[in-house]
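Subject: A structure for you to look at

Hi there,

Here is the structure I promised to pass on. Have a look at it first, and then read on for what turned up in it.

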Amino acid sequence: MLGRSEIFRAAAIVALIACFIAALVTINRRPSAPAADETSPTTIAPASDDLSAELRRCSALGPQDAEDPHCVAVWEENRRRFFGRPARPLPSSPPGGAAPATPSSGDAR
C-alpha cells in the first residue's frame, strides 16, 4: 500500500501538471474578435512616421535642438504619445526643410 507521504507527493505532482496545462491553455487562447481600440493605432501610424522623421532630424542637430522651438514641440509630442495621451498634429516644419534654427558652424565654445 501507498504511504501517506507518497499520496501527497502524487497529488502535488498532479496539481503542478494541472497548473502547467491551465497556463498553456491561457497563453494560447486567442481573442474572439479584435477590439475597437486595436484599429486606432493603424490610423495614426503615418503620423508616427512623421514624428519619427522629425525626431531623427532634431537629434541630428545635437545640442542645438534644445534651442530650436520646432524641435522642442516635437519632443513634447513624443513625450505625450509615450505616456499614452492622444496624438496631436505635429507643428509645421521650420522654413527651409531640415535647416537648424541656429547656425551649426561658428560656435566658439
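Before the fold pattern, one definition: helices and strands here are DSSP runs, at least four residues for a helix and at least two for a strand, numbered from the N terminus. Please also keep in mind that this is a predicted model.

**The overall fold**

With that definition, the protein chain reads α-α-α-α along the sequence. There are four helices and zero strands. The chain has 109 residues, and 15% of them count as buried. Its exposed area comes to about 8700 Å², with carbon and sulfur atoms supplying 64% of that. As for contacts between residues at least 6 apart in sequence, 43% join residues at least 24 apart.

**Helix 1 and a nonpolar patch**

Helix 1 covers residues 4–28, and I17 lies in it. I17 also belongs to a nonpolar surface patch of about 570 Å², which it makes together with I13, F20, I21, L24 and V25. Is I17 buried, exposed or partly exposed? Its relative accessibility is 46%, so I17 counts as partly exposed.

**Salt bridges**

You may like this part, since charged side chains are often a topic at the bench. As general background, side chains of opposite charge can pair when their charged atoms come close. The count for this model comes to five salt bridges, and three of the pairs are worth going through here.

- In helix 3 (residues 45–61), E54 and R57 sit three residues apart, about one turn of the helix. Their side chains meet in a salt bridge, at 3.4 Å from N to O. Both E54 and R57 are buried.
- R80 forms a salt bridge with E77, and the closest N and O atoms are 3.8 Å apart. These two are three residues apart in helix 4 (residues 69–82), so about one helical turn separates them. R80 and E77 are both buried.
- E77 has a salt bridge with R81 as well, at 2.8 Å from N to O. E77 and R81 are four residues apart in helix 4, again about one turn. Like E77, R81 is buried.

Salt bridges that share partners also join E54, R57 and D68 into one network.

Why does a spacing of three or four places suit such pairs? An α-helix has 3.6 residues a turn, so residues three or four places apart point the same way.

**A closer look at helix 4**

How does the length of helix 4 compare with what its 14 residues should span? At 1.5 Å a residue the expected span is 20 Å, and the end C-alpha atoms are 20 Å apart, so the two agree. The buried residues in helix 4 are H70, C71, V74, E77, R80 and R81.

R80, which lies in helix 4, deserves a second mention. Its relative accessible area is 17%, and because buried means under 20%, R80 falls on the buried side. Which residues does R80 contact, once its neighbours within four places in sequence are left aside? They are R85, P86 and R88.

Just after helix 4, G84 takes a positive phi of about 85 degrees.

**The aromatic pair**

A pair of aromatic rings is described by the distance of the centres and the angle of the planes. A search of the whole structure finds one such pair. F82 and F83 form it, with 5.0 Å centre to centre and 80 degrees between the planes, an edge-to-face arrangement. Are these two rings' residues buried or exposed? F82 has a relative accessible area of 66%, so F82 is exposed. F83 is exposed too, with a relative accessible area of 57%.

Happy browsing, and best wishes!

Notes: Residues numbered from 1 in each chain as written. Predicted model: local features only at pLDDT ≥ 70, side-chain atom pairs only at ≥ 80, totals over all residues. Heavy atoms only, no water. Phe/Tyr/Trp six-rings, centres within 6.5 Å; stacked < 30°, edge-to-face > 60°. Buried < 20%, exposed > 50% of the residue type's maximum accessible area, 1.4 Å probe, protein only. Salt bridge = Lys/Arg side-chain N within 4 Å of Asp/Glu carboxyl O. Expected span 1.5 Å × (residues − 1). Patch = residues over 30% accessible without salt bridge, like charges linked within 9 Å, V, L, I, M, F, W, Y side chains within 5 Å. Areas by Shrake-Rupley, 256 points an atom, 1.4 Å probe, with all protein chains shown as cover. Contact = heavy atoms within 4.5 Å.
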